Amino acid sequence: MKIAMVGSGYVGLVSGACFADFGHEVVCIDKDQGKIDRLHDGIMPIYEPGLDALVESNVKAGRLSFTTSLAEGIAGADAIFIAVGTPSRRGDGHADLTFVHAVAREVGENLAGDAVVVTKSTVPVGTGDEVERIIRDTGTRHRVSVVSNPEFLREGAAIGDFKRPDRIVIGAEDDFGREVMREVYRPLFLNESPILFTSRRTSELIKYAANAFLATKITFINEMADLCEKVGANVQDVARGIGMDNRIGPKFLHAGPGYGGSCFPKDTLALLKTAEDYDSPTRIVEAVVKTNDSRKRAMGRKVLEALGGVEAARGKKVALLGLTFKPNTDDMRDSPAIAIAQTLVDAGVEVAAYDPEGMDLARPMMPEVAMCEDPYEAIAGADATVIVTEWDAFRALDLKRVKDIASEPVLVDLRNIYNPEDVRAAGFAYTSVGRV
């Protein structure tokens, strides 16, 4: 089949490359000429493990190509995926559908044959109805089925998630759309990946509900971590104890500085706005959003406490290890590190930082933070070393070297990646999350 992927960002490029690897002919379309030029040169616009090799192999095989021309890219396509950004709209927090609507209009104006138009972007309930209306209003006479097919990709593990998914959700309103989508995902169906066919609106809501539930699990265990510190319990054991219950499961029960990234912050906010519009408030999600926002600065205050308090911290130096919201990505969107660094800077603390992939994007977001070439450069002269993101590179720091070059042997482990006994035996004052 021929597939057109409109949008060559994280979701579009990963999905397009994987579809091509299944044997489909895929054209990735993007208005950004610079991005397309770099893709032609084999330069990825994002960091995702394995993506560069996947793109290169499928380009060489002639199954994957790139263009800035939507009319050229969708010509002859059986399925046209819309995978453009839907950021939170300034002012009210609703998902900004400007790009989705613009693509729908351009698709309708340039259709040369029957096609299924698929919203891959995360969009509020009812967006498919509006996309269908916009396409119809262009006057196209071709048969068009608008389908919802949300993505469930984890940054840092996206290729594996796409090729070995927990489930594939397809929201279609007619047989044409369902049959085309069955063929699109036939390689995965043969591998017995479960495909759930629903109505279009149900599919749109599934994506938001899934992200809100996972965000709730993260926020819940973070609150349990705070309680563990008060009562003298261990949050990791609490997480194991409840995670062994099959009804709960162990995933997303790792205490830390709060969630960030491209999905959870904006999707929980968009779900709140949708619920308000339909006069069906979601109080649990509302509490999750508020709690997560406050937690990030609370982690900054936790670092200040490790320095002896706000007054004692002024003029001291802190090394932040990890800036991205999670490891194996360069994504800085809503990263806890941003709020933590700002809390420290506001308290008069000098901040030096290192991240294996995220510093180029972090620099303009953190102009007062010194970016270093490696973790030990950041640690040199620091009064506290803080683990913010659990990159593998930080799991086995040379603690003797850290102690020798730091001003003070203070380690604040916001991801609980170290054994407290080992760190304290090495002569460090050690602070973790939810572990006394």
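Begin by selecting helix α11, residues 235–243, in this predicted model, and colour its buried residues, which are Val235, Ala239 and Gly243. Looking down the helix, you will find that these residues cover an arc of only 70° around the axis, which puts them on the same side of α11. The spacing fits a general feature of such helices: an α-helix has 3.6 residues a turn, so residues three or four places apart point the same way. To see part of what covers the buried residues of α11, add α10, residues 200–231, to the selection. Before leaving, go to the start of α11 and show the side chain of asparagine 234, one oxygen of which reaches to within 2.8 Å of the backbone nitrogen of glutamine 236.

Next, select the cysteines. With a disulfide taken as a pair of cysteine sulfur atoms within 2.5 Å, the count comes to 0 disulfides. Cysteine 18 is in no disulfide, and its nearest cysteine sulfur, which belongs to cysteine 28, lies 11 Å away. Cysteine 18 is also buried, with a relative accessible area of 0%. Cysteine 263 is likewise in no disulfide, the nearest cysteine sulfur being that of cysteine 18 at 16 Å, and at 16% relative accessibility cysteine 263 counts as buried.

Two loop residues come next, chosen for their backbone angles. Most residues other than glycine have a negative phi. Select aspartate 279 in the loop between α12 (264–277) and α13 (283–306), where this residue has a positive phi of about 55° although it is not a glycine; aspartate 279 is exposed, with a relative accessible area of 70%. Then move to asparagine 328, in the loop between β9 (317–321) and α15 (336–346), which has a positive phi of about 65° and is not a glycine either. Asparagine 328 is partly exposed, with a relative accessible area of 32%.

Finally, zoom out to the whole protein and colour by secondary structure, which comes to 19 helices and 14 strands. The radius of gyration is 24 Å, close to the 22 Å that the globule rule gives for 436 residues, so the protein is as compact as a globular protein of that length. Along the principal axes, its C-alpha atoms fill a box of roughly 75 × 50 × 40 Å. Buried residues make up 53% of the 436 residues, and, among contacts between residues at least 6 apart in sequence, 74% join residues at least 24 apart. If you switch on the surface, the accessible area comes to about 19,100 Å², of which 50% belongs to carbon and sulfur atoms.

Definitions and conventions. Residues numbered from 1 in each chain as written. Predicted model: local features only at pLDDT ≥ 70, side-chain atom pairs only at ≥ 80, totals over all residues. Heavy atoms only, no water. Buried < 20%, exposed > 50% of the residue type's maximum accessible area, 1.4 Å probe, protein only. Helix = DSSP H or I, 4+ residues; strand = E, 2+ residues; numbered from the N terminus. Arc of directions from axis to C-beta. Contact = heavy atoms within 4.5 Å. Polar contact = N/O pair within 3.5 Å; in protein donor to acceptor, adjacent residues only side chain to side chain. Rg over C-alpha atoms; globule rule 2.2 N^0.38 Å. Areas by Shrake-Rupley, 256 points an atom, 1.4 Å probe, with all protein chains shown as cover.
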